[in-house]
Amino acid sequence: MSRHYSAFSVFREGLRGHKGWAPLWRSPAPQDAYDVIIIGGGGHGLATAYYLAKNHGVRKVAVIEKGWLGGGNTGRNTTVIRSNYFYPESTQLYDLSVRLYEKLSRDINYNVMFSQRGMMVLTHSEAEMEIASRTVNAMQINGVDAELLDVKDVQKKAPILNYRSDARYPIHGAIYQGRGGTGRHDAVAWGYARAADQHGVDIIQNCEVTGFIIEGGVCKGVETTLGKIRSDRIGVAVAGHSSVLAEMGGYSLPIHSYALQAFVTEAIKPVMDTVAFSPMTGSYFSQSDKGGLVIGGGLDRIPSYAQRGNTPMQETVLSGIIEMAPALAKVKLLRHWAGNVDVSPDSSPLIGPSGTEGIYINCGWGTGGFKAIPGGGYVFAHLLATGQHHDISRPFDPDRFRTGRLLDEAAGSGIAH
Amino acid sequence: MQRFPCPFCGLRDEREFRFAGEAGKTRPDTTQEVSDKEWANYLFFCKNAKGPTCEIWVHTTCQEYFVMERDSATMEVLDTTPMRKDVA
Ligand SMILES: Cc1cc2nc3c(=O)[nH]c(=O)nc-3n(C[C@H](O)[C@H](O)[C@H](O)COP(=O)(O)OP(=O)(O)OC[C@H]3O[C@@H](n4cnc5c(N)ncnc54)[C@H](O)[C@@H]3O)c2cc1C
Ligand SMILES: [Zn+2]
């Protein structure tokens with residue numbers, strides 16, 4: 001049995017023909033009741049369960065997942081991690097997450113392959129350069145690393161991009177965050193699951209929540225395909241399905257669900273060791289350790305729950321990549337898929353009480369919540385354990401849509417999420 | 001590529017259409033006192049139903065606004081109704 005992972009354990013198991021690896025987590029039958037139930041076994045749900053057990057000592061926690069762990073957006077995303085936001089409130093939340101990512105592999109004894117290869121947001125005109133310097137200033141004032149690159153710096157970091165002066169979108173420079181980068185999405189889900197399980201969390205897969213037990217207007221548990229499970233505190237972290245759960249729980253959300261697509265190409269030799277995003281085309285790419293180019297872009301145009309993409313957006317994203325790096329035009333796609341993301345009106349997440357007593361929500365991460373998994377889980381665990389917001393999550397309470405104190409990051413940082 | 005039926009032009013490429021909003025929302029009566037909650041509900045909150053939905057769409061090329069009933073999970077179009085009233 002190899003419970004602690006190390007170079008030594010890999011070596012020892014290698015000598016034993018890899019027969020000694022134990023399953024990463026138990027698969028227990030649900031108990032009748034828990035202190036806290038988390039709905040959704042994506043990154044946010046699993047991280048929340050881990051921090052509930054580890055930071056707050058909550059003993060009986062269950063994560064209920066209708067499919068398999070990370071089968072939602074957590075296992076479908078392009079794994080870009082960054083904290084290059086505009087508003088101080090966003091920086092606090094996303095940079096907490098980056099800082100937790102920096103230590104995560106050690107903390108949970110599982111290699112999440114966080115590679116701080118940097119992330120650049122390209123600019124294509126002098127006017128964009130001015131806005132970029134404003135963003136860089138804002139990031140620095142908020143205490144986050146940021147550099148304004150000119151075209152020579154960009155060319156040094158990413159020679160594969162299009163530097164021709166007659167390019168449709170000539171590159172003028174970039175906003176660069178060196179601490180940004182990519183991680184391994186499945187490893188984040190599996191690593192948190194394993195660590196949560198070691199702290200006694202019950203992870204229950206293939207169990208769908210079909211309703212809430214509401215008594216006197218207060219939520220007392222959930223109805224599932226494996227029967228009723230009681231708990232006074234329920235955390236819902238189901239991304240694109242947030243509105244479906246809201247309907248069951250008697251609360252309402254300002255969320256639209258959209259398909260978001262991603263693409264991976266055949267493996268090629270190393271051509272790109274950072275992440276580049278062009279706000280002009282909406283496309284971005286990086287290169288995985290296996291050599292495949294990992295490509296993403298904007299949302300599909302039509303609200304939907306279909307976990308598959310459509311061709312108009314596919315064309316938009318891929319033509320954007322070819323505009324950014326024409327040399328890649330002949331590279332073949334290997335796989336192509338979509339996730340189902342939860343888009344909020346101000347492109348910022350919703351963390352807080354749902355409106356139905358006993359139910360708390362963590363959603364609205366839209367196209368950018370992988371980077372936020374450690375931070376989102378950290379503050380959501382605080383909320384579930386204490387019933388009170390962590391200072392960092394308070395600005396993201398859903399009541400901002402009533403008070404008008406929105407955190408419009410789509411306009412603020414000019415970054416598609 | 002999906003094609004949507006415009007009540008005026010017939011079946012057209014999905015890129016010509018825009019989702020305008022969920023059907024059935026009424027702007028609060030601003031001659032009366034309107035609470036923050038009512039405004040928030042009108043402006044931001046929505047059903048976002050999985051399955052059959054009833055929405056307002058616009059065919060951008062002819063500017064026809066119409067109600068489209070469709071299934072948000074299968075993407076099947078169930079029905080369309082013009083919003084235009086005939087001039088008497
Ligand atoms: C193509 C694509 C690219 C992306 N790229 C990036 C990126 O580069 N960087 C970044 O930061 N973010 C990115 N994102 C966004 C990111 O993936 C998500 O914001 C994040 O993974 C959300 O995590 P989650 O745990 O909230 O949701 P999910 O991982 O979707 O988990 C929710 C879980 O809830 C489960 N569930 C739903 N309903 C029920 C029910 N009734 N009962 C029980 N379980 C239920 C689902 O099965 C699912 O496993 C991308 C997303 C997509 C789709
Ligand atoms: Zn028409």
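Trainee: How many salt bridges does the rule find across the interface of domain 1 and domain 2 of chain A?

Mentor: Zero. The rule asks for a side-chain nitrogen of Lys or Arg within 4 Å of a carboxyl oxygen of Asp or Glu. Keep the ground rules in mind. This is a predicted model: local features need pLDDT of at least 70, side-chain atom pairs count only at pLDDT 80 or more, totals for chains, interfaces and linings use all residues, and side-chain values use heavy atoms, leaving out hydrogens and water. Residues are numbered from 1 along each chain as its sequence is written, while chains are lettered from A and ligands numbered from 1 in the order in which they are written.

Trainee: What is in polar contact between these two domains?

Mentor: 14 residue pairs, both residues at pLDDT 80 or more. A polar contact is a pair of N or O atoms within 3.5 Å; within protein, one must be able to donate a hydrogen and the other to accept it, and residues adjacent in sequence count only if both atoms are side-chain atoms. On the domain 1 side, helix H3 (88-107) and H7 of chain A each give two or more residues. By class, that side has ten nonpolar, 13 polar and three charged residues.

Trainee: Where do the domain bounds of chain A come from?

Mentor: From an automatic or database domain assignment. It gives domain 1 (31-110 + 185-254 + 346-413) and domain 2 (119-177 + 257-343). Their centres, taken over C-alpha atoms, are 28 Å apart.

Trainee: What is the area that the two domains bury between them?

Mentor: About 2,200 Å², with 55% of it on carbon and sulfur atoms. Buried area is the accessible area (1.4 Å probe) that two parts lose on being put together, summed over both. On the domain 1 side, A:Arg76, A:Thr78 and A:Phe86 supply 28% of the buried area, more than any other three residues.

Trainee: Now the two chains. How many residues of chain A are in contact with chain B?

Mentor: 25 residues of chain A, against 24 of chain B. Contact means heavy atoms within 4.5 Å. The chains bury about 2,100 Å² between them. A:Arg301, A:Ile302 and A:Tyr305 lose the most area on the chain A side, together 27% of what that side buries.

Trainee: Why is the meeting of A:Glu315 and B:Arg15 called a salt bridge?

Mentor: Set the value against the cut-off. The N to O distance is 3.6 Å. The limit is 4 Å, so the pair qualifies. The rule finds one salt bridge across this interface. By class, the chain A side has twelve nonpolar, eight polar and five charged residues.

Trainee: What makes A:Asn73 a polar contact of ligand 1?

Mentor: A backbone N or O atom of A:Asn73 lies 2.8 Å from an oxygen atom of the ligand. That is within 3.5 Å, so it counts. A:Gly43 also passes, because its backbone N or O atom lies 3.2 Å from a ligand oxygen. A:Val80 has a polar backbone atom 2.9 Å from a nitrogen atom of ligand 1.

Trainee: Which residues around ligand 1 come nearest?

Mentor: A:Glu65, A:Asn73, A:Thr74, A:Thr78 and A:Lys371, out of 38. A residue is near if one of its heavy atoms lies within 4 Å of the molecule.

Trainee: What pattern does chain B follow along the sequence?

Mentor: β-β-β-α-β-β-β. That is one helix and six strands. Helices (H or I, at least four residues) and strands (E, at least two) are DSSP runs, numbered from the N terminus.

Note on methods: Ala, Val, Leu, Ile, Met, Phe, Trp, Tyr, Cys and Pro count as nonpolar, Asp, Glu, Lys and Arg as charged, and the others, Gly among them, as polar.
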